[in-house]
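Thanks for sharing this one. Here are my notes, set out as numbered points to read with the structure open.

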Amino acid sequence: MPAGLGAAWALLAAAFLAALLLHRAQAGRPGGGGTASGLFQDLIRYGKTKSGGGQRPAWLRRFQVPKRWFTHFYVVSVLWNGFLLIKLFQAKFLGAVLPPWIQRLHSAFGRDLQNQNTDSEHFSALLVLLLLWLHSFRRLAECLCTSVFSNGVIHIVQYCFGLGYYIVLGTTVLWQVPINVRHGKESSVQICWYHVLGIVVYVWASLHQHRCLVILANLRKSKSGKVVSLSHSIPFGDWFERVSCPHYFAELLIYVSMAITLGLDNVTWWFVVTYVLFNQALAAVLCHEFYQKKFTSYPKHRKAFVPFVF
């Protein structure tokens with residue numbers, strides 16, 4: 001059922017594209033609203049962009065949790081995807097058999113076709129799981145040690161979605177592994193050009209994302225590193241010179257690097273990349289609008305998400 005898995009990611013991507021288009025349509029009709037519109041804006045906004053959705057009724061505020069709970073997403077990802085990484089490593093290199101419940105999930109959703117490049121595909125999936133785990137671990141460390149969270153909030157639906165997202169994401173990688181790894185067969189390592197290219201893009205994007213997150217955190221810190229403010233300021237430096245949300249653009253590039261690492265021909269993962277594209281584009285547009293509204297001196301040449309494009 002890999003086609004069904006890809007369709008699910010495609011449907012999710014389409015939902016966020018629709019949300020982006022609907023938001024732009026509502027933005028072009030000032031004064032429009034109502035309960036449905038307010039609920040929609042509350043569901044797509046979080047953190048500083050909540051203020052752009054207008055006055056929120058008291059009943060909506062009951063369904064919010066602190067934005068700093070983003071940290072929980074990465075805790076879940078480190079634990080779950082670390083578990084999957086260990087199990088896949090054992091299956092590939094130690095001849096171990098994946099747990100029965102994972103095998104049953106594979107039978108329902110995973111790939112059953114085998115080809116001449118199974119060793120490469122096994123190694124590709126293992127690399128992507130490793131990259132995903134490293135990304136989650138870095139983001140967890142940044143949430144705990146770098147980022148300075150204000151009193152921003154997220155909707156409880158967004159919070160639950162985020163918790164489940166990284167579980168489904170890592171499982172999606174595992175489902176791309178051909179069937180023979182599930183029977184405890186040992187295999188060799190076959191490093192291909194796309195593994196090297198994918199890792200290079202991943203490291204490049206990750207470095208820029210970290211730099212941008214440090215820039216954002218430093219806006220609220222003194223030179224000694226002490227937090228002195230929770231207000232928002234205009235960020236400058238690195239990719240901020242071109243876009244309002246370079247850390248979102250870097251996130252997209254990280255997922256593209258994983259698509260490269262999988263060999264560029266994994267349709268399911270490209271649907272994942274498409275979802276990330278529209279998800280991050282929506283968040284970037286909301287942040288861009290916030291900056292433009294709050295700061296009259298905001299640089300006019302900056303795009304929201306993709307340099308020179310969008």
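**Notes on the predicted model**

1. Let me start with the annotation. UniProt, in an unreviewed entry, places the feature "transmembrane region" at residues 69–89, 153–175, 187–205 and 267–291. Please keep in mind that the coordinates are those of a predicted model.

2. Two of these spans can be set against the model. Residues 69–89 are 95% helix and 0% strand, with their end C-alpha atoms 31 Å apart. For residues 153–175, the figures are 83% helix and 13% strand, and the end C-alpha atoms lie 34 Å apart.

3. Now the overall layout. The protein has 10 helices and 2 strands, and along the sequence they follow the pattern α-α-α-β-α-α-α-β-α-α-α-α. Of its 310 residues, 50% count as buried. The exposed area is about 14,800 Å², with carbon and sulfur atoms supplying 66% of it. Among the contacts with a separation of 6 or more, 81% are between residues 24 or more positions apart.

4. The aromatic side chains deserve a look. The count comes to 24 aromatic pairs. One of them is F16 with Y275, an edge-to-face pair whose centres are 5.3 Å apart and whose planes make an angle of 80°. Because F16 lies in helix α1 (residues 2–27) and Y275 in helix α10 (residues 267–294), the pair ties together parts that are 259 residues apart in sequence. Are these two residues buried or exposed? F16 has a relative accessible area of 19%, so F16 counts as buried, and Y275 is buried too, at 3% relative accessibility.

5. Another pair to view is W204 with W239. Their ring centres are 5.3 Å apart and their planes stand at 70°, which makes the pair edge-to-face. This pair also links distant parts of the chain: W204 is in helix α8 (residues 193–218), W239 is in the loop between α8 and α9 (246–261), and 35 residues separate them in sequence. W204 is partly exposed, at 42% relative accessibility, whereas W239 is buried at 15%.

6. H208 belongs in the picture with W239. H208 is found in helix α8 and is buried, with a relative accessible area of 11%. Which residues does H208 touch, not counting those up to four places away in sequence? They are D238 and W239.

7. Back to F16 and Y275, which are members of an aromatic cluster. Along with these two, the cluster holds W9, Y74, F161, Y165 and Y166. Two of its members, Y74 and Y166, turn up again in the next point as contacts of S136.

8. S136 is a good residue to centre the view on. S136 sits in helix α6 (residues 118–145) and is buried, with a relative accessibility of 0%. Leaving aside neighbours within four places in sequence, S136 is in contact with Y74, S77, V78 and Y166. What joins the side chains of S136 and S77? A polar contact of 2.5 Å does. The C-alpha atoms of S136 and S77 are separated by 6.1 Å, while the two residues are 59 residues apart along the chain.

9. Helix α10, where Y275 lies, also contains Q280. At 12% relative accessibility, Q280 is buried. The side chain of Q280 makes a polar contact of 2.7 Å with the side chain of N279. Beyond residues up to four places away in sequence, Q280 touches Y248, E251 and F305.

10. Last, two cases of a charge over a ring. The charged end of R302 sits over the ring of F236, at 4.9 Å from its centre. K92 lies over the face of F93, and here the distance from the ring centre is 5.4 Å.

Technical notes:
Residues numbered from 1 in each chain as written. Heavy atoms only, no water. Helix = DSSP H or I, 4+ residues; strand = E, 2+ residues; numbered from the N terminus. Buried < 20%, exposed > 50% of the residue type's maximum accessible area, 1.4 Å probe, protein only. Contact = heavy atoms within 4.5 Å. Areas by Shrake-Rupley, 256 points an atom, 1.4 Å probe, with all protein chains shown as cover. Phe/Tyr/Trp six-rings, centres within 6.5 Å; stacked < 30°, edge-to-face > 60°. Lys NZ or Arg CZ within 6 Å of the ring centre and 35° of its normal. Polar contact = N/O pair within 3.5 Å; in protein donor to acceptor, adjacent residues only side chain to side chain. UniProt positions renumbered as here; feature names shortened; annotations may be inferred.
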